[in-house]
Amino acid sequence: MNLDLFRESLQAGSPLAYAIAFLGGVLVSFTPCIYPVLPVTVGYIGSRAIGSRRRAFLLSGAYAVGMASTYAAIGMAAALTGRVFGEVTAHPLSYLVLGNVCILLALSLFDVFHFPTPAFLSRPPGEGGGAVGAFLVGMVSGVVVGPCTAPVLGGLLLYAGTSGHPVFGATLLFVFALGMGLPVVALGTFTGLLARLPRWGTWLLKVQRGFGVLLLLAGEYLLLEAGKRLA
């Protein structure tokens with residue numbers, strides 16, 4: 001890719017798009033299915049930092065960059081397939097499928113059912129591992145927490161897909177995931193902050209229900225659009 005194409009890709013969105021993506025990532029990290037995992041992630045990093053704040057910063061940074069790399073790949077794929085993506089999503093069947101997916105995710109946020117938490121996120125961290133290990137765990141975590149990010153991630157992917165610029169799509173999703181990783185870096189570096197985190201309470205449930213309502217509304221809208229296009 002030459003320099004002109006790189007610049008054109010970055011100009012596909014305004015700095016405001018990156019700011020919103022970053023803020024969205026920070027907010028998503030405080031959803032009920034990500035927030036409870038923060039102490040486990042920080043514990044994973046702390047067990048390998050050996051009391052060194054510098055090492056803790058490097059490990060938590062590697063974790064955040066690993067997660068951001070996963071989302072960057074997703075964003076690039078959305079931008080590369082922008083034209084195909086647009087044609088597919090214009091089909092009534094796509095509206096029907098996406099609408100039902102949104103409603104299914106909303107039901108999970110209303111505790112009708114639960115997505116199982118992967119064992120590697122809930123068990124105590126094992127021996128070994130360094131920056132490379134933290135990077136790989138971050139990459140895998142980016143996939144695992146995907147359903148939790150659906151309300152914001154879906155909008156960003158649509159925006160990246162319509163731009164048709166792979167560098168912009170990759171960097172937009174990279175910045176979004178860095179926002180998600182910010183609490184991990186802060187808590188991993190300054191472990192004392194962990195004790196000051198708000199405990200599980202009604203505020204988390206309100207956040208969860210809020211995302212559930214948004215997903216229900218999105219699902220209903222998509223189903224109505226499917227009905228109009230099929231009529």
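The legends below accompany an overview and several close-up views of a predicted model.

**Figure 1. Overview of the all-helical secondary structure of the protein chain.** The predicted model comprises eleven helices and zero strands, and reading along the sequence gives the pattern α-α-α-α-α-α-α-α-α-α-α. The protein chain has 231 residues, of which 42% count as buried. Where contacts join residues at least 6 apart in sequence, 85% of these contacts are between residues at least 24 apart. The surface that the protein chain exposes comes to about 12300 Å², with 72% of this area supplied by carbon and sulfur atoms.

**Figure 2. Close-up of the aromatic pair formed by Tyr18 and Phe168.** Two aromatic pairs are counted in the model. In the pair shown here, the ring centres of Tyr18 and Phe168 are 5.7 Å apart and the ring planes stand at 85°, an angle over the 60 degrees required, so the pair is classed as edge-to-face. Tyr18 belongs to helix H2 (residues 15–28) and Phe168 to helix H10 (residues 166–189), and the pair thus links distant parts of the chain, 150 residues apart. Both Tyr18 and Phe168 are buried.

**Figure 3. Close-up of the aromatic pair formed by Tyr71 and Phe176.** The rings of Tyr71 and Phe176 are also arranged edge-to-face, with 5.8 Å from centre to centre and 75° between the planes. Because Tyr71 lies in helix H4 (residues 53–80) while Phe176 lies in helix H10, this pair ties together parts that are 105 residues apart in sequence. Tyr71 has a relative accessibility of 1% and therefore counts as buried, given that the cut-off for burial is under 20%. Phe176, at 0% relative accessibility, likewise counts as buried.

**Figure 4. Close-up of a nonpolar surface patch that includes Val101.** Leu93, Leu96, Val97 and Val101 together make this nonpolar patch, which covers about 320 Å² of the surface. Val101 is placed in helix H6, which spans residues 92–109. Is Val101 buried, exposed or partly exposed? With a relative accessible area of 41%, Val101 is partly exposed, because this class lies between the limits of under 20% for buried and over 50% for exposed residues. The value for Val101 also fits the requirement that patch residues have over 30% relative accessible area.

Note on methods. Residues are numbered from 1 along each chain as its sequence is written. This is a predicted model: local features need pLDDT of at least 70, side-chain atom pairs count only at pLDDT 80 or more; totals for chains, interfaces and linings use all residues. Side-chain values use heavy atoms; hydrogens and water are left out. Patches are made of residues with over 30% relative accessible area and no salt bridge: like charges are joined within 9 Å, nonpolar side chains (Val, Leu, Ile, Met, Phe, Trp, Tyr) within 5 Å. Accessible areas come from the Shrake-Rupley method with a 1.4 Å probe; for residues, only the protein chains shown count as cover. A salt bridge is a side-chain nitrogen of Lys or Arg within 4 Å of a carboxyl oxygen of Asp or Glu. Helices (H or I, at least four residues) and strands (E, at least two) are DSSP runs, numbered from the N terminus. Buried means under 20% relative accessible area, exposed over 50%, partly exposed in between (1.4 Å probe, protein chains only). Rings of Phe, Tyr and Trp (its six-membered ring) pair if their centres lie within 6.5 Å; planes under 30 degrees apart count as stacked, over 60 as edge-to-face and the rest as tilted. Contact means heavy atoms within 4.5 Å.
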